[in-house]
Amino acid sequence: VSHMLRLDRNDVALTARWETDHEFDSSMGAAEIAWSPLYRFLPCLGRFAEPEGSRLICDYRIVMDYADIAEPGGKGSLADVGEYWRIGVDATIDYYQPLGEDRGFLQWSAGYQRREALDGDDGQAESMRAGVSFLPGRQSQFSIGFSYVRGEDVSSLEAQDLFKIKLGYRR
């Protein structure tokens with residue numbers, strides 16, 4: 001469940017969620033509040049149009065979250081964690097590069113997430129990702145690409161060091 005509030009160019013998102021694994025062995029409830037500050041006060045934030053048809057999109061959010069681990073299941077990273085309060089940041093940058101007249105776009109992307117525990121060390125996580133995707137056209141609903149992720153998943157706290165092949169569809 002999520003709700004977005006827009007307050008004079010500030011976006012505040014409130015989210016509540018319940019998570020489990022594919023075998024329903026683990027269970028956790030979480031709530032999050034995220035604030036996207038005024039873009040005009042921070043460099044490289046917002047949307048910029050480039051003259052050649054390329055596009056740079058940056059986003060930055062300050063996040064505070066709470067999680068209650070009801071059952072860690074097989075996730076060893078959650079075994080000794082009962083609950084935690086954290087504060088952190090999410091930062092992303094996407095650059096859309098045109099490949100020529102009607103040849104599609106390359107989307108270069110990078111992201112960083114960090115969460116610091118407010119009550120001890122439980123729940124600390126840091127993750128980075130980078131990738132590239134091909135989009136057949138400016139308004140295309142399909143994409144194909146790959147990405148690399150390294151760090152800890154900010155929800156499950158499990159270590160990640162993997163390459164992903166992505167097939168995308170959006171409506």
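**View 1. Cavities in the whole structure.** In this predicted model, a search of the whole structure identifies 2 cavities of 30 Å³ or more. The largest cavity has a volume of about 80 Å³, and the second largest contains about 40 Å³ of space.

**View 2. Lining of the largest cavity.** The residues that line this cavity of about 80 Å³ are Arg-55, Tyr-96, Phe-105, Leu-135, Gly-137, Arg-138 and Arg-170. By class, the lining of the largest cavity comprises 3 nonpolar, 1 polar and 3 charged residues. Arginine appears in the lining at Arg-55, Arg-138 and Arg-170.

**View 3. Lining of the second largest cavity.** Glu-19, Thr-20, Ser-26, Ser-27, Met-28, Glu-71, Lys-75 and Leu-78 line the second largest cavity. Two or more lining residues are contributed by each of the strands β2 (10–20) and β3 (27–36). The lining of the second largest cavity divides into 2 nonpolar, 3 polar and 3 charged residues.

**View 4. Pairing of strands β9 and β10.** Strand β9, residues 142–152, pairs with strand β10, residues 159–169, in the antiparallel sense. The pairing of β9 with β10 extends over 11 bridges. Within this arrangement, Ile-144 has Leu-167 of β10 as its bridge partner.

**View 5. Turn of the β9–β10 hairpin.** Strands β9 and β10 form a hairpin, with 6 residues between them. Leu-157 lies in the turn and has a positive phi of about 65°.

Conventions:
Residues are numbered from 1 along each chain as its sequence is written. This is a predicted model: local features need pLDDT of at least 70, side-chain atom pairs count only at pLDDT 80 or more; totals for chains, interfaces and linings use all residues. Side-chain values use heavy atoms; hydrogens and water are left out. Two strands pair if DSSP finds at least two bridges between them. Helices (H or I, at least four residues) and strands (E, at least two) are DSSP runs, numbered from the N terminus. On a 1 Å grid over the protein atoms alone, a cavity is a set of points where a 1.4 Å probe fits but cannot get out, and a pocket is an open set with protein on both sides within 12 Å along at least five of seven lines; lining residues have an atom within 4 Å of a point. Grid points are joined across faces, edges and corners, and a volume is the space filled by probe spheres set on the points. Ala, Val, Leu, Ile, Met, Phe, Trp, Tyr, Cys and Pro count as nonpolar, Asp, Glu, Lys and Arg as charged, and the others, Gly among them, as polar.
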